[in-house]
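Reader: I should like to learn how the features of a structure are read, one after another. May we begin with a single residue and then widen the view?

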Amino acid sequence: MINWQRTFAFVTGSIVFGLAIILLSHNYIQYVAAEGSTGYLFLFGFGLVYLNLNFGFSRRFIMKAVNINWVCYLMAFFTILPTIFWVYTKDVGLAETELLFVLTTIFSAFLGAFFGIRRGVVKRTKYVQQLREEKEELPDSLKRPHDDLNIN
């Protein structure tokens, strides 16, 4: 069963966070084109931001949703879409490093979604196991009497 409310909330949240990232960091994109290690460090920083954000989104989403992993990749796409749109429509000063910047953000976002899915599945398994253990440990005096009734 697809929980469309959760899916809608997470997808729109990823769009909002994608817009917030580009609005807060558009002044720093120009430093990616800087010579030497400064450019690489800013590029690495942008990559880490998108990786961590999509890792967190995907892990949190997969903990509660079952068998709809494609939504995590959709969230990653919507997270990077405002940045890619901004880079290609505005002159941000990237020049030759524009393609490298876009590829790095795409790779980082989808890598974060991939590892977020894997970690979310592990956390969901532990959560379900914990719920089952808590249910078994319930003393008879605290059980509801109608739980033991047979339907027939």
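Author: Let us do so, bearing in mind that this is a predicted model. We start with isoleucine 68, which is found in the loop between α2 and α3.

Reader: Is isoleucine 68 buried or exposed?

Author: A residue counts as buried when its relative accessible area is under 20%. Isoleucine 68 has a relative accessible area of 6%, and therefore it is buried.

Reader: How far is isoleucine 68 from asparagine 3 in space?

Author: Here one compares a separation along the chain with a distance between C-alpha atoms. Isoleucine 68 and asparagine 3 stand 65 residues apart along the chain, and their C-alpha atoms are separated by 9.7 Å.

Reader: Which residues does phenylalanine 61 contact, beyond its neighbours within four places in sequence?

Author: Phenylalanine 61 is in contact with Arg6, Thr7, Phe10, Ile68, Val71, Cys72 and Met75, when the neighbours within four places in sequence are left aside. Isoleucine 68, with which we began, is thus one of its partners. Phenylalanine 61 itself has its place in helix α2. Another of the partners is threonine 7: it is 54 residues away from phenylalanine 61 in sequence, yet the C-alpha to C-alpha distance is 8.1 Å.

Reader: Why is phenylalanine 61 called buried?

Author: The same kind of reasoning applies as before. Phenylalanine 61 is called buried because its relative accessible area is 0%, and the cut-off for buried is under 20%.

Reader: Where does valine 32 lie, and what does it contact beyond its neighbours within four places in sequence?

Author: Valine 32 is placed in the loop between α1 and α2. With a relative accessible area of 6%, valine 32 is buried. Its contacts, apart from neighbours within four places in sequence, are Gly39, Phe42, Leu43, Phe46, Leu94 and Phe101. Valine 32 and glycine 93 are 61 residues apart in sequence, and 8.8 Å lies between their C-alpha atoms.

Reader: Let us turn to the whole protein. Which elements make up its secondary structure?

Author: The protein has four helices and zero strands, and its elements run α-α-α-α from the N terminus on. Of the 152 residues in the protein, 30% are buried.

Reader: What share of the contacts joins residues at least 24 apart?

Author: One counts contacts between residues at least 6 apart in sequence; in this protein, 74% of these join residues at least 24 apart.

Reader: How is the outside of the protein described?

Author: One may begin with the total. The accessible surface comes to about 10,300 Å², and carbon and sulfur atoms account for 63% of it. Tyr28, Tyr31 and Phe42 make a nonpolar surface patch of about 290 Å². Tyrosine 28 is in the loop between α1 (4-25) and α2, and it counts as partly exposed because its relative accessibility is 45%.

Reader: Which residues gather in the patch of positive charge on the surface?

Author: They are Arg60, Lys64, Arg119, Lys123 and Lys126. The elements that supply two or more residues to this positive patch are α2 (37-64) and α4 (98-136). Helix α4 gives the most, with three residues.

Reader: How does arginine 119 fit into this picture?

Author: Arginine 119 is in helix α4, and its relative accessibility of 37% is why it counts as partly exposed. Leaving aside neighbours within four places in sequence, arginine 119 is in contact with Phe55, Arg59 and Lys126. The C-alpha atoms of arginine 119 and isoleucine 62 are separated by 8.6 Å, and the two residues are 57 residues apart along the chain.

Reader: Finally, what is the sign of phi in most residues other than glycine?

Author: Most residues other than glycine have a negative phi. Asparagine 67 has a positive phi of about 60° although it is not a glycine. Asparagine 67 lies in the loop between α2 and α3 (70-89), and it counts as exposed because its relative accessibility is 67%. Alanine 95 also has a positive phi, near 55°. Alanine 95 is in the loop between α3 and α4, and at 58% relative accessibility it counts as exposed.

Definitions and conventions
Residues numbered from 1 in each chain as written. Predicted model: local features only at pLDDT ≥ 70, side-chain atom pairs only at ≥ 80, totals over all residues. Heavy atoms only, no water. Patch = residues over 30% accessible without salt bridge, like charges linked within 9 Å, V, L, I, M, F, W, Y side chains within 5 Å. Areas by Shrake-Rupley, 256 points an atom, 1.4 Å probe, with all protein chains shown as cover. Salt bridge = Lys/Arg side-chain N within 4 Å of Asp/Glu carboxyl O. Lys, Arg positive; Asp, Glu negative; His and termini not counted. Charge placed at Lys NZ, Arg CZ, Asp CG, Glu CD. Buried < 20%, exposed > 50% of the residue type's maximum accessible area, 1.4 Å probe, protein only. Contact = heavy atoms within 4.5 Å.
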